[in-house]
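Here are some short exercises to work through with the sequence and the model side by side. Try each task on your own before you read the solution.

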Amino acid sequence: DYCKSITVLTGAGVSVASGIPDFRSPGGMYDTLRPSLITASPYERRLMESDPTYVVSWDIFKTNAFPYLEVRRPFILGTRKQQWK
């Protein structure tokens with residue numbers, strides 16, 4: 001008997017154990033988010049101030065990708081050096 005395929009289900013715990021910070025922990029992206037420093041409209045900044053998860057929402061990304069790309073830039077650039085930030 002052998003397997004033709006395999007499925008692996010993972011979550012944030014796998015990346016955190018690898019040294020990649022999650023969004024929700026103290027010091028994580030949501031905790032350190034500073035909407036006033038992000039390329040966004042005043043309305044988008046107010047939304048991020050009231051709910052930091054808005055920075056990674058599809059609603060904002062489809063009209064303005066800068067907030068997401070700006071907060072994820074250190075991680076995106078760090079993947080080459082395996083320096084997760």
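The exercises below go from the overall fold to single residues.

**Exercise 1. Confidence**

Task: Find which helix of this predicted model has the lowest confidence and which has the highest.

Solution: Start with the whole chain, keeping in mind that this is a predicted model. The mean pLDDT is 83, and 87% of the residues reach 70 or more. Now go helix by helix: confidence is lowest in α1, residues 12–17, with a mean of 70. At the other end of the scale stands α3, with a mean of 94. A word of care for the reading: where pLDDT is low, the predicted coordinates should not be read in detail.

**Exercise 2. Fold and surface**

Task: Work out how many helices and strands the protein has, and what share of its residues is buried.

Solution: Counting elements gives 5 helices and 0 strands. Along the sequence, this reads as α-α-α-α-α. Next, sort residues by accessibility: of the 85 residues, 24% are buried. The accessible surface comes to about 6600 Å², and carbon and sulfur atoms hold 56% of that area. Finally, look at the contacts with a separation of 6 or more: 37% of them join residues 24 or more positions apart.

**Exercise 3. Tyr54 and the core**

Task: Decide whether Tyr54 is buried or exposed, and list what it touches.

Solution: First place the residue: Tyr54 sits in the loop between α3 (42–50) and α4. Its relative accessibility is 16%, and the cut-off for buried is under 20%, so Tyr54 counts as buried. Leaving out residues up to four places away in sequence, Tyr54 touches Glu44, Leu47, Met48, Asp59 and Ile60. Two of these names, Met48 and Ile60, return together with Tyr54 in the largest nonpolar core. That core has 10 residues, the others being Met29, Tyr30, Leu33, Ile38, Ala40, Val55 and Val71. Core member Ala40 touches Met48 too, along with Arg45, Asn64 and Pro67, again not counting residues up to four places away. As background, nonpolar side chains in soluble globular proteins tend to be buried together.

**Exercise 4. A salt bridge**

Task: Locate the partners of the salt bridge and judge how accessible Asp59 is.

Solution: The structure holds 1 salt bridge. The side chains that meet in it are those of Lys62 and Asp59, at 3.9 Å from N to O. For accessibility, Asp59 has a relative accessible area of 47%, which lies between the limits of 20% and 50%, so Asp59 is partly exposed. Recall that Asp59 is also among the residues that Tyr54 touches.

**Exercise 5. A nonpolar surface patch**

Task: Name the residues of the nonpolar patch on the surface and the elements that contribute two or more of them.

Solution: The patch consists of Trp58, Phe61, Leu69 and Ile76, which together have about 410 Å² of accessible area. The elements giving two or more residues are α4 (58–61) and α5 (66–81). Take Phe61 as an example: this residue lies in helix α4. With a relative accessible area of 32%, Phe61 is partly exposed.

**Exercise 6. Distances across the sequence**

Task: Find how far Thr32 is from Val71 in sequence and in space.

Solution: Thr32 is part of helix α2, residues 29–32. Thr32 and Val71 are 39 residues apart in sequence, and their C-alpha atoms are 9.7 Å apart.

Technical notes: Residues are numbered from 1 along each chain as its sequence is written. This is a predicted model: local features need pLDDT of at least 70, side-chain atom pairs count only at pLDDT 80 or more; totals for chains, interfaces and linings use all residues. Side-chain values use heavy atoms; hydrogens and water are left out. Patches are made of residues with over 30% relative accessible area and no salt bridge: like charges are joined within 9 Å, nonpolar side chains (Val, Leu, Ile, Met, Phe, Trp, Tyr) within 5 Å. Accessible areas come from the Shrake-Rupley method with a 1.4 Å probe; for residues, only the protein chains shown count as cover. A salt bridge is a side-chain nitrogen of Lys or Arg within 4 Å of a carboxyl oxygen of Asp or Glu. Helices (H or I, at least four residues) and strands (E, at least two) are DSSP runs, numbered from the N terminus. Buried means under 20% relative accessible area, exposed over 50%, partly exposed in between (1.4 Å probe, protein chains only). Contact means heavy atoms within 4.5 Å. pLDDT is the predictor's confidence in each residue, from 0 to 100. A nonpolar core is a set of buried Ala, Val, Leu, Ile, Met, Phe, Trp, Tyr and Cys residues joined through side-chain atoms within 4.5 Å.
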